[in-house]
Amino acid sequence: MLRNVNDLYGFSVLAGDGPIGKVRDCYFDDVTWTVRFIVVETGPGLGGRKVLISPLGIHGVDWAGQTLAASMTLAQVKASPDVDTRKPVSRQHEVEQFAYYGYPYYWGDAQLWGGGPRPGTSLRGYASSGLPNEPRATASFVDAQLKLHQDRGDDPHLRSCSAVEKYHLHAIDGDIGHVESFLVDDEAWAIRYLVVNTSDWWLGHQTLIAPSWIADISWLDATVSVDLTRQSIKAAPTFDPTALPNREQERKLFDHFGRQDHQNATVAQPGG
């Protein structure tokens, strides 16, 4: 099911032995457009700092109760690696986080979560399925992994959802709006759509843009460029934030832009 990532902000995150804190942001990778970490602001008992929790460590989401159930202890969270959430998260930070909690790496595999399309499936059959009582990371292990990625020049970054939500949207023929939010598949944690608000440039509306239609992202200029015309975006189906799209509405959206959707539904002529 699709969910608005903004709805997660403020959710309580609960460990098995008590509350961890509140969700403040999410980080997604800029290649597969998948949420890789939830940024949680911990309570006073854990130092009040911001920590990263992977969807691999979330075993339940109560949307009505606004809570996330995490598969870790408060002691593990308290001793988890520090990260500066004001900056993009590098692969080196991911290595440290995954090694600390004993998670299998997702990168280098064709599927979104390494061993499967969803976080839960990637842990099945894994030697350390579930969290160990003590973190597996050792200094030598982490150093070896970091050297491997540095030698390969492999250092993609994770990006803040709340930061990108302020980015301008640039069409083929000019600016047309800004990114308002993201719609996420609540099983795969994959971003399916950017919610775009066009009212900055005309008396417009909100519509949806799939990540596959993005031609470029300028982190320096805070701009998302899409391979679409302003007119096609202006004439696109309206997104109602109070009612998430169903499959028929998704098909109409892809049909309008003349694209093929993520479930391989064939569409007709381009919409602009």
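**A walk through one helix, one serine and one cavity**

Let me begin at the start of helix H7, where Asn246 caps the N-terminal end, with a side-chain oxygen that lies 3.1 Å from the backbone nitrogen of Glu248. Before I go further, please keep in mind that what we have here is a predicted model.

Helix H7 itself covers residues 247-257, and its buried residues are Glu250, Leu253, Phe254, His256 and Phe257. If we look down the axis of H7, these buried residues fall within an arc of 155 degrees, so they line one face of the helix. What covers the buried residues of H7? The cover includes three strands, S1 (2-4), S12 (191-197) and S13 (206-209), together with helix H6 (230-234). Just after H7 we come to Gly258, whose phi is positive, at about 70 degrees.

Let me now step back to the chain that holds this helix. The protein chain has seven helices and 15 strands, and of its 272 residues 48% are buried. If we take the contacts in the chain with a separation of 6 or more, 56% of them are between residues 24 or more positions apart.

From there I would like to turn to a single residue, Ser12, which has its place in strand S2, residues 12-15. Is Ser12 buried or exposed? With buried meaning under 20% relative accessible area, Ser12 counts as buried because its relative accessibility is 19%. Leaving aside residues up to four places away in sequence, Ser12 touches Gly21, Lys22, Gln66, Thr67 and Leu68. With one of these, Lys22, there is also a polar contact of 2.8 Å between the two side chains.

My last topic is empty space inside the model. In general, rolling a probe the size of a water molecule over the atoms shows where empty space is left. How many cavities of 30 Å³ or more does a search of the whole structure find? The search finds one, and the largest cavity holds about 60 Å³ of space. Its lining is made up of Arg3, Val5, Leu8, Val35, Val61, Trp63, Val184, Asp185, Asp186 and Trp189. Sorted by class, that lining has seven nonpolar residues and three charged ones, with no polar residue.

To close, I would leave you with two pictures: helix H7, whose buried residues line one face, and the largest cavity, with nonpolar and charged residues in its lining.

Methods. Residues numbered from 1 in each chain as written. Predicted model: local features only at pLDDT ≥ 70, side-chain atom pairs only at ≥ 80, totals over all residues. Heavy atoms only, no water. Buried < 20%, exposed > 50% of the residue type's maximum accessible area, 1.4 Å probe, protein only. Helix = DSSP H or I, 4+ residues; strand = E, 2+ residues; numbered from the N terminus. Arc of directions from axis to C-beta. Contact = heavy atoms within 4.5 Å. Polar contact = N/O pair within 3.5 Å; in protein donor to acceptor, adjacent residues only side chain to side chain. 1 Å grid on protein atoms, 1.4 Å probe; cavity = no way out; pocket = protein on both sides within 12 Å on 5 of 7 lines; lining within 4 Å. Points joined across faces, edges and corners; volume = space filled by probe spheres on them. Nonpolar A, V, L, I, M, F, W, Y, C, P; charged D, E, K, R; others polar.
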